[in-house]
Amino acid sequence: MIVLGRLRLVLGDQLSESLSALNDLAREEDVVLMAEVMDEATYVKHHKQKIAFLFSAMRHFAARLEKNGIRVRYVKLDDTANTGSLFGEIRRAFEELDGLEQLVCTECGEYRLAEDM
């Protein structure tokens, strides 16, 4: 029997284990995607320390999920294969990970990104 999983997107402003995108997560099949991407870091001018703080919080949250037995695909900003956009990383995850059938995400609070979704 082939078990298909879900790619569960967690954005940098959604770092909570009670996030709706993580509800009913199947540890054996599902993968959480978190990505540091240039599109999100530069769409408006941010202080460099703010970006560093955000990425640090994302990395700590990803580590906590992994410690709890959740599979995490974490893409760092300096990853040579980083596409630079959330949609590029979603596409790449579906291409590179076998057995994923759908994307699960929580509605984003940022208008620009919500429109893109």
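Modeller: A residue is called buried when its relative accessible area is under 20%, exposed when that area is over 50%, and partly exposed in between. The model discussed here is predicted. In strand β3 (72–75), Val72 and Tyr74 point one way, Arg73 and Val75 point the other way, and all are buried.

Colleague: Which residues of β2 point one way, and which the other way?

Modeller: Val31, Leu33 and Ala35 lie on one side of β2, with Val32 and Met34 on the other, and all of them are buried. In a regular strand the side chains alternate between the two faces of the sheet.

Colleague: Why is β2 called largely enclosed?

Modeller: Buried requires under 20% relative accessible area. Five of the five residues of β2 meet that test, so the strand is largely enclosed by the rest of the structure.

Colleague: What makes β2 and β3 a pair?

Modeller: Pairing takes at least two bridges between two strands. β2 and β3 are joined by four bridges, and they run parallel. Two places show the match: Val32 stands opposite Val72, and Met34 stands opposite Tyr74.

Colleague: How many bridges link β1 and β2, and in which sense do they pair?

Modeller: They pair in the parallel sense over three bridges. The threshold of at least two is therefore met. Leu7 is the residue opposite Val31 in β2.

Colleague: What makes the largest nonpolar core a core, and which residues have the most contacts inside it?

Modeller: A core is made of buried residues of the nonpolar kinds, joined through side-chain atoms within 4.5 Å. The largest such set has 16 residues, and Val10, Leu22, Val32, Met34, Leu65 and Val72 have the most contacts inside it. At least two of its residues come from each of β2 (31–35), α2 (48–67) and β3. The largest share is that of α2, with six residues. In soluble globular proteins, nonpolar side chains tend to be buried together.

Colleague: Which residues does Leu22 contact beyond its neighbours within four places in sequence?

Modeller: Leu22 is in contact with Arg8, Val10, Ser16, Glu17, Val32, Phe61 and Leu65. A second core, separate from the one above, has 14 residues and includes Val31, Ala35, Leu100 and Leu113.

Colleague: How do you know that the span of α2 is close to what is expected?

Modeller: The expected span is 1.5 Å times one less than the number of residues. For α2, with 20 residues, that gives 28 Å, and the helix reaches 29 Å from its first C-alpha to its last.

Colleague: Why are the buried residues of α2 said to line one face of the helix?

Modeller: The residues in question are Ile51, Phe55, Met58, Phe61, Ala62 and Leu65. Viewed down the helix axis they fall within an arc of 125°, so they line one face. Gln49, Phe53, His60 and Lys67, on the other side of α2, are exposed. After the helix comes Gly69, with a positive phi near 85°.

Colleague: What is notable about the phi of Asp24?

Modeller: Most residues other than glycine have a negative phi. Asp24 is not glycine, and its phi is positive, near 55°. Asp24 sits in the loop between β1 (5–9) and β2.

Colleague: Why is Asp24 called exposed, and Asn23 called partly exposed?

Modeller: The relative accessible area of Asp24 is 74%, which is over 50%, so Asp24 is exposed. Asn23 has 44%, which lies between 20% and 50%, so Asn23 is partly exposed. Asn23 is also in the loop between β1 and β2. Residues up to four places away aside, Asn23 touches Arg8 and Ser18.

Colleague: What does Leu25 touch, not counting residues up to four places away in sequence?

Modeller: Leu25 touches Arg8, Asp30, Val32 and Ile70. Leu25 too belongs to the loop between β1 and β2.

Colleague: Why is there no bond between Cys105 and Cys108?

Modeller: A disulfide needs two cysteine sulfur atoms within 2.5 Å. The sulfur of Cys105 is 6.9 Å from that of Cys108, its closest cysteine sulfur, which is too far for a bond. The structure holds zero disulfides.

Colleague: Are these two cysteines buried or partly exposed?

Modeller: One of each. Cys105, at 36% relative accessibility, is partly exposed. Cys108, at 10%, falls under the 20% limit and therefore counts as buried.

Key
Residues are numbered from 1 along each chain as its sequence is written. This is a predicted model: local features need pLDDT of at least 70, side-chain atom pairs count only at pLDDT 80 or more; totals for chains, interfaces and linings use all residues. Side-chain values use heavy atoms; hydrogens and water are left out. Buried means under 20% relative accessible area, exposed over 50%, partly exposed in between (1.4 Å probe, protein chains only). Contact means heavy atoms within 4.5 Å. The arc is that of the directions from the helix axis to the C-beta atoms.
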